[in-house]
Amino acid sequence: MAEIVADVPQRATTRSRLRGVTALLGTVPFFAYVTIFLVIPTLVVVIGAFAGSGGVTLENVKALGSSYILEAFGRSIALSLLSALIGAVLGALLAYALVTAKPDGILRRVVTAAAGVLAQFGGVTLAFAFLATIGLSGFLTVWLRDTFDVDIFSGGVWLFELPGLTLVYTYFQIPLMVIVFLPALDGIRPQWREATESLGGTTWQYWTRVAGPLLAPAFLGSFLLLFANSFSAYATAAALVSQGSPLIPLQIRGALTSEVLLGQQNVGKAMALGMVVVVSVVMALYTLLQKRTSKWLG
Amino acid sequence: MAGVIARRARRQRAFRWTVLIVLGVFFVLPFIAMIEFSTRDSTTWPALFNWPELSERYPALAEGITASLLQAALTALLMLVLLVPTAVWVRLRLPRLRRLIEFLCLLPLTIPAIVLVVGLAPVYAWVTYFLGGSSLTLVFAYTILVLPYAYRAIDAGLSAIDVKTLAEAARSLGASWATVMWRVVLPNIRSAVLSAAFLSVALVLGEFTIASLLNRTNLQVAINFLGKSSATMSVAVSLTALLLAFVLLLLLSLLGGRRRSGSTVDTVATAAPVATKEPAA
């Protein structure tokens, strides 16, 4: 009797395990597909970064220390920091302007919808939009020259360099900031301001002692997201910059397309790995700050 | 007190309009410039909407447009075929795998497209070997690219309905799994499927990185190529492509808005185009 009792659950588990296996079969197409087109490419980058002609090597990673790659990383990070900072500040101001408007008003709905669309705007079309605006024969350039006799490029053509790229990147950073920062601002309750005032606090004290500290993690988190966003952008820069490879994504393009230098391919993989590391660290910090934010402004 | 509040409201209104006007000019200016720039040559716009003339004068552009439209349609289709049955199946039978599926689907967000290309290059050497170098093969990579957005949309749609009860009810009435999928689950997540498809189409129409580095063509590659010879035409095409993407995404957010106000369940809100990275890049 005891034997049978012991036997039944075991048989049941075997059967459910069998059912589990057949159930797993249903996910085979998905996993196969993702393995081929996502997991293998990721592994190619990770393994390739440490692979040389004669097996495992640190040469590729060491090559990251060479001056031209370090400079490209530096410029990429500077561009991302600057465009994320400008985007975060202006986007936060715009988001605050929306919060002070009627919550279900037409203004807020239109601007958030537009921000959702503009945050996606990037790549070649964005580059051409700016070429048409402030390119050498662009609308604004020509208009300013003809009407006010002002040459915006009198100090050299800055559109294809860091200042120009920062300006162009700001165009998709501000809307992105509005989208990610608006929920945090919505979490600020009017009662907190009233409480500050009834305790005799001034507007300055409210912003520096109450709202500021509450919003700081959300602001910082959004800033990091914006940083990752512009750090991984490629198409806009590729369409604007045709001379040289000032940024790390453009260096990777160079390593991919140049077949001249043998072994350069794997340096490209090391640079790609470097990018993934930067983005992962930033995104991990972002998730951490997101948790901190949801404590108060959930 | 009332005076303070009125003064603050006035100040806030002034602040609001200053910010909106300054940033509004910044955001609208490129569009005005594109219209002005593309009308400098009066033959540009008529040529763009005259397909035979376009394909004769700008064969690369016509090829790019066709390629992009086909890629967008096929990517949306492949994404749905791959994702919807898997997501439903995992919810019904393998709830423990959900975290893994979610992780894999969101993984492309932390891998920039330019990095993905580096890893895809050897994979595509095999794709070219088996299927040839057609631009349509890019659909495989694009399906991965749209995975995070599509997954979020479809997962939100599935969370809003009780898949398990629906499936059990249908099964107990003698429906096959195919019937459950096609006639029970799918109609219930229609708007989620629609927004996933819209997002995929919008992302594919703006894709440049992978196409250009894998030496294939699409709309963006063609625009970039055209920019070197005919700037007016490339700006006109850019503007058209942009407006098309705008209409798609605005439709999507309207769809989301209607759902939000109409029903108690907020399915499309999470699927709204909240990018965590620049997908068009």
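**Figure 1. Contact of helices H5(A) and H8(A) in the predicted model.** In this predicted model, A:Thr112, A:Ala115, A:Gly116 and A:Leu118 of H5(A) face A:Phe172, A:Pro175, A:Val178, A:Ile179 and A:Leu182 of H8(A). Seven of the residues in this contact are nonpolar and two are polar, and no charged residue takes part. H5 spans residues 106-118 of chain A and H8 spans residues 162-187 of chain A; their axes lie 8 Å apart and make an angle of about 125 degrees. H5(A) is therefore oblique to H8(A). The handedness of the crossing is left-handed.

**Figure 2. Contact of helices H4(A) and H10(A).** The view shows the packing of helix H4 (residues 67-100) of chain A against helix H10 (residues 203-231) of chain A, with an angle of about 135 degrees and axes 8 Å apart. The two helices, H4(A) and H10(A), are therefore oblique to each other. H4(A) passes H10(A) in a right-handed crossing. On the H4(A) side, the contact involves A:Ser76, A:Leu79, A:Ser80, A:Leu81, A:Ser83, A:Ala84, A:Gly87, A:Ala88 and A:Ala92. On the H10(A) side, the partners are A:Phe219, A:Ser222, A:Phe223, A:Leu226, A:Phe227, A:Ser230 and A:Phe231. Classed by residue type, the contact of H4(A) with H10(A) holds 10 nonpolar and six polar residues, with no charged residues.

**Figure 3. Annotated transmembrane regions of chain A.** An unreviewed UniProt entry assigns the feature "transmembrane region" to residues 21-52, 72-99, 111-144, 164-185, 206-228 and 270-289 of chain A. Two of these spans are described here. Residues 21-52 of chain A are 81% helix and 6% strand, with 40 Å between the end C-alpha atoms. Residues 111-144 of chain A are 76% helix and 0% strand, and the end C-alpha atoms of this span are 29 Å apart.

**Figure 4. Interface of chain A with chain B.** The interface brings 66 residues of chain A into contact with 69 residues of chain B. On the chain A side, helix H2 (residues 28-48) of chain A supplies the largest share, with 12 residues. By class, the side of chain A that touches chain B consists of 48 nonpolar, 16 polar and two charged residues.

**Figure 5. Contact of helices H7(B) and H10(B).** Helix H7 (residues 138-159) of chain B and helix H10 (residues 190-205) of chain B have axes that come within 8 Å and cross at roughly 155 degrees. H7(B) and H10(B) are therefore roughly antiparallel to each other. The crossing in which H7(B) passes H10(B) is right-handed. H7(B) contributes B:Tyr142, B:Leu145, B:Val146, B:Tyr149, B:Ala150, B:Ala153, B:Ile154, B:Ala156 and B:Gly157. These residues meet B:Ser191, B:Ala192, B:Val193, B:Ser195, B:Ala196, B:Leu199, B:Ser200, B:Leu203 and B:Val204 of H10(B). The contact of H7(B) with H10(B) comprises 14 nonpolar and four polar residues, and no charged residues.

**Figure 6. Domains of chain B.** The domain assignment divides chain B into domain 1 (1-38) and domain 2 (44-271). Taken over C-alpha atoms, the centres of domain 1 of chain B and domain 2 of chain B are separated by 35 Å. Four residues from domain 1 of chain B and seven residues from domain 2 of chain B form the contact. The side of domain 1 of chain B that touches domain 2 of chain B has three nonpolar residues and one polar residue, and no charged residues.

**Figure 7. Annotated transmembrane regions of chain B.** In UniProt, an unreviewed entry places the feature "transmembrane region" at residues 14-35, 69-92, 104-124, 130-151, 191-214 and 234-255 of chain B. Two of these spans are described here. Residues 14-35 of chain B are 100% helix and 0% strand, and the end C-alpha atoms of this span are 31 Å apart. Residues 69-92 of chain B are likewise 100% helix and 0% strand, with 35 Å between the end C-alpha atoms.

How values were computed:
Residues are numbered from 1 along each chain as its sequence is written. Chains are lettered from A and ligands numbered from 1 in the order in which they are written. This is a predicted model: local features need pLDDT of at least 70, side-chain atom pairs count only at pLDDT 80 or more; totals for chains, interfaces and linings use all residues. Domain bounds come from an automatic or database domain assignment. Two residues are in contact if their C-beta atoms, placed from the backbone, lie within 7 Å. Ala, Val, Leu, Ile, Met, Phe, Trp, Tyr, Cys and Pro count as nonpolar, Asp, Glu, Lys and Arg as charged, and the others, Gly among them, as polar. Axes are lines fitted to C-alpha atoms, for helices over the stretch in contact, and angles run from 0 to 180 degrees between N-to-C directions. Helices (H or I, at least four residues) and strands (E, at least two) are DSSP runs, numbered from the N terminus. Angles under 35 degrees count as roughly parallel, over 145 as roughly antiparallel, 65 to 115 as roughly perpendicular and the rest as oblique. A crossing is left-handed if the near helix is turned anticlockwise from the far one by less than a right angle, and right-handed if clockwise. UniProt positions are given in the numbering used here, feature names are shortened, and annotations may be inferred rather than shown by experiment.
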